[in-house]
Amino acid sequence: MIKNDIIILGIESSCDDTSAAILKNEAILSNEIAGQKVHEAYGGVVPELASRAHQQNILPVVDTAIKNAKINISDIDAIAFTRGPGLLGSLIVGTSFAKSLALGLNIPMMEVNHMHGHVLAHFIDDEGKDKPRFPFICLTVSGGHTQIVLVNDYLDMEVVGTTKDDAAGEAFDKSGKLLGLPYPGGPLIDKHAKLGNPKAFQFTAPNMPDFDYSFSGLKTNVLQFLQRNTKNDKDFVQNNIDDICASLQATIVEILFDKLIQATRHFNINEVAIAGGVSANSGIRKRLQQEGEKRGWKTHIPKFEYCTDNAAMIAITGRYHYLNKNFAQQDISPSARLKI
Ligand code: KG4
Ligand code: ZN
């Protein structure tokens with residue numbers, strides 16, 4: 001009997017979310033995510049605590065993914081896991097688990113670059129939605145990365161612009177911390193921004209060459225702005241939180257789109273996608289839509305659940321490695337700084 005369907009188990013553990021997904025061809029049957037509340041008290045991810053939580057979560061998460069997909073473990077054809085980039089201790093948990101399970105089931109495994117995963121999330125079946133056509137440009141914005149990626153083919157991508165310091169997600173989260181918001185500040189700034197005036201306050205945008213970014217200056221800018229304004233008004237943040245968030249978000253969106261637009265012009269590409277956790281931001285989504293209408297871009301926005309870290313995107317990337325027979329060996333080890 002020839003088996004046409006390919007079933008892949010995806011495993012993601014690069015940061016603070018333990019996730020497992022089952023992919024059948026290009027359709028997701030299940031995508032389970034166990035978040036880690038333990039970091040909230042520290043205002044950022046604590047690597048040591050993250051790896052311990054992955055160790056606790058990984059088996060129940062994989063088990064639930066298999067159950068919710070309504071398949072048997074023996075139906076899995078191959079396992080895709082995140083090799084990097086990410087926190088080493090976290091990556092070791094997912095990699096070791098994938099290696100052991102692949103060995104136990106006697107099936108192949110594929111190593112996946114987490115950043116490929118964010119981009120290729122666009123190829124997961126989503127009813128009524130067109131998938132990007134090559135070549136396209138993808139703005140990948142997450143807690144750890146800010147990249148303009150020229151995507152020539154599924155596994156042929158080039159980073160043409162990147163941040164030289166903080167990532168866009170860090171700009172959101174570090175500003176959130178200064179505003180007294182719990183971690184991660186990104187989604188909360190987005191929430192407040194919806195109620196505020198984006199022109200209420202001015203923040204400065206950096207001057208960077210080519211398609212590169214810098215966000216560390218913005219953080220200093222926010223700090224000085226708050227010191228100046230809270231000097232004589234202790235309730236300044238509380239009374240202006242919506243306007244501050246709206247203005248801050250507008251500045252970050254402007255910085256991101258300035259370089260994105262330049263890159264699409266330079267490479268003469270009008271197929272444009274966004275990816276990564278920060279692409280869940282409503283301001284970024286709205287701006288992409290507006291620029292698309294204005295410039296005749298065909299735009300691609302991932303489904304909400306495939307924006308932040310998830311194993312579905314690792315499984316779909318693993319599928320293209322599987323089709324290329326690009327399998328990992330048992331002596332593979334994770335790489336915290338894996339490049340695209
Ligand atoms: O891709 P992701 O889940 O993890 C990394 O690989 O880093 O991205 C997490 C980042 C965090 O910085 C979080 O604040 C940000 O995505 N984020 C948002 C929103 N939702 C998540 N930032 C702004 N607006 C949002 N709605
Ligand atoms: Zn990510």
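Which side chain has an N or O atom 2.9 Å from a nitrogen atom of ligand 1? Asp190 does, and its view comes up below, after the zinc site. Keep in mind throughout that this is a predicted model.

**View 1. The zinc ion (ligand 2) and its protein donors.** Three residues hold on to the zinc ion (ligand 2) here: His114 and His118, each through NE2, and Asp309 through OD, at 2.0 to 2.2 Å. Read along the chain, the donors are spaced as H-x3-H-x190-D. If you're after a textbook geometry, this isn't it: the angles among the four donor atoms run from 92 to 152°, and the site is irregular. The tetrahedral class needs all angles between 85 and 135 degrees, and the upper end of the range here is 152°.

**View 2. The two histidines on helix α3.** Zoom in on helix α3, residues 114–120, and you'll find both His114 and His118. They sit four residues apart, which is about one turn of the helix. Are these side chains' residues buried or exposed? His114 counts as buried because its relative accessibility is 5%, under the 20% cut-off. His118 is buried too, because its value is just 1%.

**View 3. Ligand 1 and its surroundings.** Here 18 residues surround ligand 1, and the closest are Gly143, Asp173, Asp190, Asn281 and Asp309. Asp309 is worth a second look, as it's also a donor to the zinc ion (ligand 2) through OD. Towards ligand 1, a backbone N or O atom of Asp309 lies 3.0 Å from an oxygen atom. The Asp190 pair from the opening question involves a side-chain N or O atom and a ligand nitrogen, 2.9 Å apart. Over at Gly186, a polar backbone atom is 3.4 Å from an oxygen atom of ligand 1. On its own, ligand 1 has 550 Å² of accessible area, and the protein covers 89% of that. Helices and strands matter for this shell as follows: α3, α4 (168–178) and α5 (185–193) each give two or more residues to it.

**View 4. Thr18 and its polar partners.** Now for a different spot: Thr18, in strand β2, residues 18–24. Thr18 is buried, because its relative accessible area is 1%. Its side chain makes a polar contact of 2.8 Å with the side chain of His54, plus another of 3.4 Å with the side chain of Asn57. Setting aside neighbours within four places in sequence, Thr18 is also in contact with residues including Glu12, Glu32, Ile33, Ala53 and Val61.

Terms used. Residues numbered from 1 in each chain as written. Chains lettered and ligands numbered in written order. Predicted model: local features only at pLDDT ≥ 70, side-chain atom pairs only at ≥ 80, totals over all residues. Heavy atoms only, no water. Donors = N, O, S within 2.8 Å, 3.2 Å for Na, K, Ca; no water. Tetrahedral: all angles 85-135°; square planar, octahedral: opposite > 155°, others 65-115°. Buried < 20%, exposed > 50% of the residue type's maximum accessible area, 1.4 Å probe, protein only. Polar contact = N/O pair within 3.5 Å; in protein donor to acceptor, adjacent residues only side chain to side chain. Contact = heavy atoms within 4.5 Å. Near = heavy atom within 4 Å. Areas by Shrake-Rupley, 256 points an atom, 1.4 Å probe, with all protein chains shown as cover.
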